[in-house]
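Trainee: I would like to take a close look at a single part of this structure. Please guide me through the contacts made there by charged side chains.

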Amino acid sequence: MNICLVAGARPNFIKLAPIIHAAEKAAKEGKDISFTLVYTGRKGDSTLEDSLFADLRIDEPQVYLGVDCENLNELTGHVMSAFDDYLSESKNDVVIVVDDLASTMAAAIVTKKKGILLAHLVAGTRSFDINMPKEINRLVIDGLSDLLFTAGISNNSIVNKEGGNLSKVYMVGNILMDTLRENYNRLRRPEELSELGIEDGAYIVFTINRKVLLANEMELESLLSAMISNAGEKPIVAVLRPRAEEAVNKALKAISKEGFIKMLRPMSYLEFGYLTAHAQGIITDSGNVAEEATFNGVACITLNSYTEHIETVKEGSNVLVGEDADVLAEYVKQMAAGEWKKSNVPDRWDGRSAERIISILLG
């Protein structure tokens with residue numbers, strides 16, 4: 001069996017790495033299995049740090065489709081064309097696509113048109129906001145897929161309610177935890193923590209990337225003010241993309257709070273993993289960061305009104321505050337005081353998701 005693994009962005013590699021390791025292990029045990037890692041972007045993509053593949057202990061993609069454009073419709077068309085050419089020249093028994101990107105949807109459509117078995121990793125996630133481009137991608141990909149690999153019961157319920165055949169839905173668990181568990185002892189403490197005199201377990205991590213939050217200046221200023229005013233003596237450190245850092249710095253200047261959030265450089269997977277795993281708390285709008293916080297048992301506040309994995313709230317360490325600065329203030333106060341709800345690791349978030357996937361594929 002030859003598996004084609006399609007990555008459309010950096011987070012996809014983090015979720016595909018465990019499948020690569022599990023496939024390599026199965027091959028060493030004599031199983032008839034091989035894989036090809038395909039990246040829809042170009043070689044030398046600046047969004048992929050130099051250390052990423054070494055950190056994940058995987059080789060670079062064997063195939064680069066070379067698509068690089070910002071317009072989502074244009075990107076979809078280019079990926080479809082390039083991936084069609086690749087599939088025409090290669091023998092693949094199954095294609096695994098990840099998450100909900102435009103490139104993911106493009107690869108899914110081409111796979112089905114070629115009559116190749118299609119598997120969706122992290123299936124059944126919904127915001128229930130059809131105005132979100134990614135929501136459309138999710139619906140299309142899940143609708144086309146022959147195999148739906150979900151992270152939890154809530155995701156199973158969604159695809160079942162939408163008419164998904166039970167025989168093609170598999171709750172394999174959250175594959176992010178495979179990568180985190182495997183690399184936990186390899187995580188590296190960022191030098192900046194020592195330079196700033198910050199001890200483990202005594203700081204709050206802040207990340208933000210949602211365009212709607214960054215675009216609303218007054219709302220962003222209110223959220224930042226609520227964070228800073230209620231964090232007490234706990235330092236807040238941030239790892240932000242350039243666009244987000246610019247918006248946050250502008251908002252901090254507007255509320256006369258420059259320097260109250262320590263801006264750290266972009267970090268490798270192993271460094272950022274350490275930063276979040278050893279924090280007292282995390283304030284983020286990232287679902288992936290919130291999921292890892294639940295696995296690590298770290299208090300987490302999500303700046304959103306929904307989560308794709310409600311387990312992080314029902315069982316885990318996560319709470320949702322939307323864009324409400326008053327609610328945020330109350331939770332930050334609790335976080336800084338070390339007062340947080342008890343949490344558990346959800347079912348099958350045990351670091352064995354990739355093993356389950358390979359077992360299913362080999363039948």
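Is D55 buried or exposed, judged by its relative accessible area?

Mentor: In this predicted model, D55 is buried, because its relative accessible area is 3%, and the limit for buried is under 20%. The partner of D55 is R188: the two form a salt bridge in which the closest N and O atoms are 3.8 Å apart. This pair links distant parts of the chain, since D55 belongs to helix α2 (residues 52-56), R188 to the loop between α7 (176-183) and α8 (191-195), and 133 residues separate them. R188 has a relative accessible area of 36% and is therefore partly exposed. The bridge thus joins a buried aspartate to a partly exposed arginine.

A second salt bridge concerns R57 and E182, with 3.9 Å from N to O. It too links distant parts of the chain: R57 is in the loop between α2 and β3 (63-64), E182 is in helix α7, and they are 125 residues apart. R57 counts as partly exposed because its relative accessibility is 44%. E182 is likewise partly exposed, with a relative accessible area of 35%.

Let us set these two pairs beside other salt bridges. The structure holds 22 salt bridges. One of them is formed by E217 and K250, whose closest N and O atoms are 3.0 Å apart. E217 lies in helix α10 (residues 217-230) and K250 in helix α11 (residues 242-254), so this pair ties together parts that are 33 residues apart in sequence. E217 is partly exposed, with a relative accessible area of 42%. K250 reaches 51% and is therefore exposed, because the limit for exposed is over 50%. Elsewhere, D100, E135, R138 and E308 are joined into one network by salt bridges that share partners.

A charged side chain may also be placed over an aromatic ring. K257 lies over the face of F260, at 4.9 Å from the ring centre.

Aromatic rings also pair with one another, and the structure holds six aromatic pairs. In one of them, F149 and Y170, the ring centres are 6.2 Å apart and the planes are at 50°, so the pair is tilted. F149 is in strand β6 (residues 147-150) and Y170 in strand β7 (residues 169-171), so the pair ties together parts that are 21 residues apart in sequence. F149 counts as buried at 1% relative accessibility, whereas Y170, at 28%, counts as partly exposed.

Technical notes
Residues are numbered from 1 along each chain as its sequence is written. This is a predicted model: local features need pLDDT of at least 70, side-chain atom pairs count only at pLDDT 80 or more; totals for chains, interfaces and linings use all residues. Side-chain values use heavy atoms; hydrogens and water are left out. Rings of Phe, Tyr and Trp (its six-membered ring) pair if their centres lie within 6.5 Å; planes under 30 degrees apart count as stacked, over 60 as edge-to-face and the rest as tilted. Helices (H or I, at least four residues) and strands (E, at least two) are DSSP runs, numbered from the N terminus. Buried means under 20% relative accessible area, exposed over 50%, partly exposed in between (1.4 Å probe, protein chains only). A charge sits over a ring if NZ of Lys or CZ of Arg is within 6 Å of the ring centre and within 35 degrees of the ring normal. A salt bridge is a side-chain nitrogen of Lys or Arg within 4 Å of a carboxyl oxygen of Asp or Glu.
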